[in-house]
Every structure is written in C-alpha cells, then in structure tokens.
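Welcome! Here is a short briefing to read with the sequence and the 3D view open side by side. Take it one topic at a time and look up each residue as you go.

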Amino acid sequence: MRYKKNRKIAMATAGFMICLALEPLTVSATEDNVLQFAGVTSLLETSLTTEEYIEAAQQAQGAAWGYTNIGVANVESGNLNVRQEPSTESKMVGKMPKNAVCEIVETLDGWAHITSGEVEGYVSLDYLLTGPDAKLKAEELVHTVVVVNTDGLNVREQANTESAVLTQVPQGEELEYAETLDGWVKVYIDDEEAYVSSDYVTVTEKLDTAITMTELLYGAGVSDVRVELVEYAKQFLGNAYVWGGTSLTKGADCSGFVLSVFKKFGVSLPHHSGSQANSGTKISAGDLQPGDLVFYGNSRGTIIHVAIYIGGGQVIHASSRKTGIKISNYKYRTPVKYVRILQD
C-alpha cells in the first residue's frame, strides 16, 4: 500500500496526528503497518514523545526559505514586541507584525530567542507559531517582491525609458510585484502602478520579517508630546489602508492616517496630503524630529503622499491596500518636502 501527498502528510499514531509541511514525499506501509518514508527507518517504530516526533519531523524537512526553525507571529491585532532581554520590562528593539517570521535560536521559560530581518531579541512564545504549524502557515504567507539592486533606481510611469520618472528608490528597497514584462517589471509603490527596468532588480519570493524599532524615551532630547504621538501612531502598524478612510482601526489612507493621529493630540489637519503640506512650517531634512511630516510627489512634482517621521531615519504611513499601515526608511522614495506641525 503506497500513499503520496504534495506538501501535507498526516502521520497518525498513539492517538495523535502530526501535520507536516513537506515537499512531495512517498510514504509506504509495511506488512506490520509501520510507516516508512524516503527510504528511512520509520520514526514510529520506536516509542517517542509528541515533542520528539515533532523535532524529528522538523529535522526531516530541513531548511525552508532559509529558516531551519521557523516561527510566525501569531497576534490577532497589533504587533509582537521584540525585547532586548526575555522580560516584558526589557527595552523594545523591534516589532513583528502579524504573520512576520523569524528564526528561533532557542526557547527558555516562555520566551523565544529569535532573529528576524535585522532584529535580534526575545518574543513571548504565547504569540508565536512554532514547529509544523509555523511551516504550514509560512507556506501560505510567502509572496513575491522586487528588490532594487542599484541606488537611485528610476521608477517610471510607463514601461519605457521615455516615460516620466515617478520617483527614485534606493538600493535594497523592496517594491510590491505585479508582473514581469519584456525588459520591465510592473510594481506598486504606495498603491500606484509603476515600472522599473528588469536589469536593476531581482524578483524573488520572501516572507515578511520584524521591523527595527527603538522606543522613544522621555527626556532624551525629544519633547513628551512628540514621544507620545509617535508611540501612539505605531500602535496601528499593520492596520488596513482604505482610500478616503480616516479610521485608525478600520482603515485610513495616507492623509487620513496623519489627520487622525494628530487629532488625538488636539491638532486639526485637512484630509489631503497636498493641503497638509501647506500646514505648519517647512523645514529641511537635517531638522527632522519625530512627529514631523514627510511628503512625496509624482513626476510632475505634485504632492501625493504623506508620512510621519518617527526617528531613526524611519517613517510610518498608510502605504497601500496590500501593505496597510507600515514603517519604511524615510527615503524609500524621494521626499519632496518636510513640514513641522508640532511647534514645541
């Protein structure tokens, strides 16, 4: 008797079932009903605990997407905090948005020591999928991105070198993938369709990882209201983008997100990025402080997008329907104006 499953194999014994995310694998049963696979002596012919079965199954699969012991952030809303030490009192060094993945280095006392993107630290195991569950979930989450391989790459309105340049993006930036054309790749940048030369990008599959983030501290050179505004805005990371929306929980567009964050602090702003750019005081990039606004334009110089500077060279913004509210390098596309709203 022979069975063949593509990616999921159910192995049942001793009253429990383990579901594994595997590459195609042939499983056979002997006359004694002992399961064997890939020509290896059966895992089930000896008495093992559930944990030992899971560990053996993980080793059987090997690395997936570059991870050997993958974990997936399992939060209903908000983000999974990454701490410097395994304690809720420890400094926060990053955040794992819902469904972001990590490599689990070790586990101890309810915490996992993880690496994820550029972040290393500790997360609570209560909010982390591990083992076969994590591998199955990761298989659902893998998606295609476009990685920029040169600095100052032109992003054009159409797929030809005569087309207007919408903006420029730095090396290492990831763009949303749409489709591959003859010599060009169609992408999305802040929900706008655009095109980049295939000579200067790599199209690849990836899983989302943690975001590098340092908590702003009171009394560290930034006013209390700026600290409070930035920390308040970061609470909504990962929430939905909705065109014309102003809800921080149900969906907002870029200017609606900014409007609603500042409203919490008694500041009234118009619901339009171009109008917001004419509020407050124009400043230079060198003067940026957390809570200031960064604006981005199109090929004609018209302001079409706004983000809140959160310090450390990063902004938070409602980017697109696919990504929702996210954190980016403030030069993820070319900024055209910086404005100070908080006059503290």
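Is Leu 141 buried, partly exposed or exposed? Leu 141 has a relative accessible area of 21%, so it counts as partly exposed; the band for that word starts at 20%, and anything under 20% is called buried. Please keep in mind that this is a predicted model.

**Around Leu 141 and Val 101**

- Leu 141 belongs to helix H2, which covers residues 131-141.
- Although their positions lie 40 residues apart in the chain count, the C-alpha atoms of Leu 141 and Val 101 are 9.5 Å apart.
- Val 101 is itself part of a strand pairing: in E9, Val 101 is the bridge partner of Val 72.

**Strand E9 and its neighbours**

- Strand E9 (residues 101-108) runs antiparallel to strand E6 (residues 70-73), and 3 bridges join the two.
- E9 also pairs with strand E10 (residues 111-116), again antiparallel, through 5 bridges.
- Within that second pairing, Glu 103 sits opposite Thr 115 of E10.
- E9 and E10 form a hairpin with 2 residues between the strands, and Asp 109 there has a positive phi near 50°.
- Cys 102 has a relative accessible area of 0%, so it is buried.

**Backbone angles to look for**

- As background, most residues other than glycine have a negative phi.
- Asn 99 is not a glycine, yet its phi is positive, at about 75°.
- You will find Asn 99 in the loop between strand E8 (92-97) and E9. With a relative accessible area of 22%, Asn 99 is partly exposed.
- Asp 190 is another non-glycine residue with a positive phi, here about 50°.
- The loop that holds Asp 190 lies between strand E17 (184-189) and E18. Asp 190 is buried, because its relative accessible area is 9%.

**Salt bridges**

- How many salt bridges does the count give? The count comes to 12.
- One of them joins the side chains of Glu 157 and Arg 300, with an N to O distance of 3.3 Å. This pair links distant parts of the chain, 143 residues apart: Glu 157 is in the loop between strand E14 (153-156) and strand E15 (165-169), while Arg 300 is in the loop between strand E24 (293-297) and E25.
- The two partners fall into separate exposure classes: Glu 157 is partly exposed at 25% relative accessibility, whereas Arg 300 is exposed at 61%.
- Lys 186 and Glu 179 also meet through their side chains, at 4.0 Å from N to O. Here Lys 186 is buried, with 13% relative accessibility, and Glu 179 is partly exposed, with 36%.
- Arg 333 forms a salt bridge with Glu 192, and their closest N and O atoms are 3.3 Å apart. Arg 333 lies in the loop between strand E27 (324-329) and strand E28 (335-340), and Glu 192 lies in strand E18 (residues 192-197), so this pair ties together parts 141 residues apart in sequence.
- Arg 333 is buried, at 1% relative accessibility, while Glu 192 is partly exposed, at 22%.
- Salt bridges can also join up: Arg 226, Asp 292, Arg 340 and Asp 344 are linked in a network of them.

**The second largest pocket**

- The second largest pocket holds about 280 Å³ of space. It is lined by 18 residues, and those closest to its centre are Tyr 241, Trp 243, Cys 254, Ser 273 and Ile 304.
- Which elements give two or more residues to this lining? They are helix H4 (254-263), strand E25 (303-311) and strand E26 (314-320).
- E25 contributes the most, with 3 residues.
- Sorted by kind, the lining has 6 nonpolar, 7 polar and 5 charged residues.
- Cys 254 has 8% relative accessibility, so it counts as buried.

**A note on cysteines**

- A disulfide is a covalent bond between the sulfur atoms of two cysteines.
- How many disulfides does the structure hold? The number is 0.

Key
Residues are numbered from 1 along each chain as its sequence is written. This is a predicted model: local features need pLDDT of at least 70, side-chain atom pairs count only at pLDDT 80 or more; totals for chains, interfaces and linings use all residues. Side-chain values use heavy atoms; hydrogens and water are left out. On a 1 Å grid over the protein atoms alone, a cavity is a set of points where a 1.4 Å probe fits but cannot get out, and a pocket is an open set with protein on both sides within 12 Å along at least five of seven lines; lining residues have an atom within 4 Å of a point. Grid points are joined across faces, edges and corners, and a volume is the space filled by probe spheres set on the points. Helices (H or I, at least four residues) and strands (E, at least two) are DSSP runs, numbered from the N terminus. Ala, Val, Leu, Ile, Met, Phe, Trp, Tyr, Cys and Pro count as nonpolar, Asp, Glu, Lys and Arg as charged, and the others, Gly among them, as polar. A disulfide is a pair of cysteine sulfur atoms within 2.5 Å. Buried means under 20% relative accessible area, exposed over 50%, partly exposed in between (1.4 Å probe, protein chains only). Two strands pair if DSSP finds at least two bridges between them.
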